[in-house]
Amino acid sequence: GTGPGMYGIVAGQVAVTSALGAADAPVSLLLNPGSWAGYAPLFGRVRLAHMRAIIPTTILSVRLGEVRRMLEAQPDGWQAIARLGFEAGLGYASVALDLVLPGADRRLAAML
């Protein structure tokens with residue numbers, strides 16, 4: 001109920017399911033404490049994922065307007081936002097690589 005924002009995982013675990021890929025096999029990641037999500041709108045993109053806590057979780061929410069104000073005051077903060085995007089890309093690439101492993105048993109083991 002806080003509106004659009006960035007979300008930091010303080011405690012617990014969150015499943016992030018991407019809107020990318022086939023509807024019957026969405027790409028998903030697990031986010032743990034220290035992870036951040038919700039920054040795509042800072043780049044003019046629509047949200048590309050759905051987040052859902054899978055265990056009791058504490059999430060920090062920072063409204064996008066406040067994030068923009070902080071970035072205007074501290075332009076070097078964009079480096080941290082870029083790092084978040086890079087790390088997310090690595091995570092999704094890792095999942096994608098697991099999905100193309102030959103043999104269902106190897107794919108299952110990699111995903112687990």
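Visitor: Hi! Which helix does Arg-106 lie in?
Guide: Arg-106 lies in helix H3, residues 104-111. Helices here are DSSP runs of H or I with at least four residues, strands are runs of E with at least two, and both are numbered from the N terminus.

Visitor: Before I go on, what kind of model is this?
Guide: It is a predicted model, in which local features need pLDDT of at least 70 and side-chain atom pairs count only at pLDDT 80 or more, while totals for chains, interfaces and linings use all residues. Residues are numbered from 1 along each chain as its sequence is written, and side-chain values use heavy atoms, with hydrogens and water left out.

Visitor: Thanks. Back to Arg-106: why does it count as partly exposed?
Guide: Because its relative accessibility is 45%. Buried means under 20% relative accessible area, exposed means over 50%, and partly exposed is in between, using a 1.4 Å probe and protein chains only.

Visitor: And how many Å separate the C-alpha atoms of Arg-106 and Glu-87?
Guide: They are separated by 24 Å, with their positions 19 residues apart along the chain.

Visitor: Let's zoom out. In what order do the elements run from the N terminus on?
Guide: The order is β-β-β-β-β-β-α-α-α, so to speak a list of six strands and three helices.

Visitor: What box do the C-alpha atoms fill?
Guide: Taken along the principal axes, the box is roughly 50 × 30 × 25 Å. The protein chain has 112 residues, and 26% of them are buried.

Visitor: What about contacts between residues at least 6 apart in sequence?
Guide: Of those, 70% join residues at least 24 apart, where contact means heavy atoms within 4.5 Å.

Visitor: Can you show me a buried residue?
Guide: Tyr-7 in strand S1, residues 5-11, is one to look at. Tyr-7 is buried because its relative accessible area is 18%. From Tyr-7 to Gln-79 is 17 Å in space, C-alpha to C-alpha, and 72 residues in sequence.

Visitor: Charges next. How many salt bridges does a search of the whole structure find?
Guide: One. The side chains of Arg-69 and Glu-66 form a salt bridge, at 3.2 Å from N to O. The term means a side-chain nitrogen of Lys or Arg within 4 Å of a carboxyl oxygen of Asp or Glu.

Visitor: Where do Arg-69 and Glu-66 lie?
Guide: Both are in helix H1, residues 64-73, three residues apart, which is about one turn of the helix. Arg-69 counts as exposed because its relative accessibility is 52%, while Glu-66 is partly exposed because its relative accessible area is 34%.

Visitor: Anything else in H1?
Guide: Met-70 is there too. Met-70 is partly exposed, with a relative accessible area of 42%, and its C-alpha is 19 Å from that of Gly-34, 36 residues away in sequence.

Visitor: One more topic: which residues make the nonpolar surface patch?
Guide: Val-10, Trp-36 and Leu-60, with about 260 Å² between them. Patches use residues with over 30% relative accessible area and no salt bridge; like charges are joined within 9 Å, and nonpolar side chains (Val, Leu, Ile, Met, Phe, Trp, Tyr) within 5 Å. Areas come from the Shrake-Rupley method with a 1.4 Å probe, and for residues only the protein chains shown count as cover.

Visitor: Where is Leu-60 found?
Guide: In strand S6, residues 58-63. Leu-60 counts as partly exposed because its relative accessibility is 42%.
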